[in-house]
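Open the model in your viewer and show it as a cartoon. Keep the selection tool ready, and switch on side chains when a stop calls for them.

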Amino acid sequence: MTATLEFTLPERLSVVEENSLLPFLRANPDAPLDVSAARLRRLDTPLVQVLIAAAADRRARGVAFRLTGLTPDQAAQLSALGVTRDLLSFQVAA
């Protein structure tokens, strides 16, 4: 069994500009991943789209993918965008 890798999102991340998330996802296609949003200040729609796509790809191949460390406000944003835990497994920080 492969150990779960963790990627911590920075305070700000633009998926349309150069960033470290996309290379990390490409470099670890078969590894179970936890993506931590603990430092993230703003959860924007393009980032949510990337996370949903990564989760769907891994789900189709039986590889775990989870977004962790969300604030209650960020979880509410996901809900407002129609994102369910079936689309993107996520954990709200305590």
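The tour below starts at the sheet, moves to the helices and then visits single side chains. Keep in mind that this is a predicted model.

**Stop 1: the sheet**

Select the strands. Four of them form an open sheet, in the order S1-S2-S3-S4, and the pairing is parallel. Which strands are at the edge? They are S1 and S4 (90-92), each of which pairs on one side only. Now look along the sheet: from one strand to the next, the twist averages 20°.

Strands of a sheet pair through backbone hydrogen bonds, either parallel or antiparallel.

**Stop 2: from S1 to S2**

Select S1 (5-8) and S2 (33-36). The two run parallel and are joined by four bridges. For one such pairing, pick glutamate 6: its bridge partner in S2 is aspartate 34. Follow the chain from S1 through H1 to S2 and you trace a β-α-β crossover, which is right-handed.

**Stop 3: from S2 to S3**

Add S3 (residues 65-70) to the selection. S2 and S3 pair over four bridges, in the parallel sense. Pick leucine 33 and look across: phenylalanine 65 in S3 stands opposite.

In a regular strand the side chains alternate between the two faces of the sheet.

**Stop 4: helices on the sheet**

Show H2 (45-60). H2 lies across S2 and S3, and runs at about 140° to S3. Next, show H3 (residues 72-80), which packs on the sheet and touches S3 and S4. The direction of H3 makes about 130° with that of S3.

**Stop 5: salt bridges**

Side chains of opposite charge can pair when their charged atoms come close. How many salt bridges does the structure hold? There are four salt bridges.

Begin with arginine 66 and aspartate 34. Their side chains meet in a salt bridge, at 2.8 Å from N to O. Arginine 66 belongs to S3 and aspartate 34 to S2, so the pair links parts of the chain that are 32 residues apart. Is aspartate 34 buried or exposed? Its relative accessibility is 16%, so aspartate 34 counts as buried; the cut-off is under 20%. Arginine 66 is partly exposed, with a relative accessible area of 31%.

Move on to glutamate 11 and arginine 41. They form a salt bridge, with the closest N and O atoms 3.6 Å apart. This pair also links distant parts of the chain, 30 residues apart. Glutamate 11 is in the loop between S1 and H1, and arginine 41 is in the loop between S2 and H2. Arginine 41 is exposed, at a relative accessible area of 59%. Glutamate 11 is partly exposed, at 36%.

Now select Asp30, Asp57 and Arg61. A network of salt bridges links these three residues. Within it, arginine 61 forms a salt bridge with aspartate 57, and the closest N and O atoms are 2.8 Å apart. Both ends are partly exposed: arginine 61 has 36% relative accessibility, and aspartate 57 has 38%.

**Stop 6: the loop between S1 and H1**

Select serine 14, which is in the loop between S1 and H1 (21-27). Serine 14 counts as partly exposed, at 24% relative accessibility. Its side chain reaches the backbone nitrogen of glutamate 17 at 3.5 Å. Then pick proline 46 as well. Serine 14 and proline 46 are 32 residues apart in sequence, yet 7.9 Å apart in space, C-alpha to C-alpha.

Stay in the loop and select asparagine 19. Asparagine 19 is buried, with a relative accessible area of 14%. What does its side chain reach? One target is the backbone oxygen of serine 14, at 3.1 Å. Another is the backbone nitrogen of leucine 21, at 2.9 Å. To finish, show what surrounds asparagine 19. Leaving aside neighbours within four places in sequence, asparagine 19 is in contact with Leu13 and Ser14.

Terms used. Residues numbered from 1 in each chain as written. Predicted model: local features only at pLDDT ≥ 70, side-chain atom pairs only at ≥ 80, totals over all residues. Heavy atoms only, no water. Buried < 20%, exposed > 50% of the residue type's maximum accessible area, 1.4 Å probe, protein only. Polar contact = N/O pair within 3.5 Å; in protein donor to acceptor, adjacent residues only side chain to side chain. Pairing = 2+ DSSP bridges. Right-handed = clockwise from strand over helix to strand, strands pointing away. Axes fitted to C-alpha atoms, helices over the stretch in contact; angles between N-to-C directions. Contact = heavy atoms within 4.5 Å.
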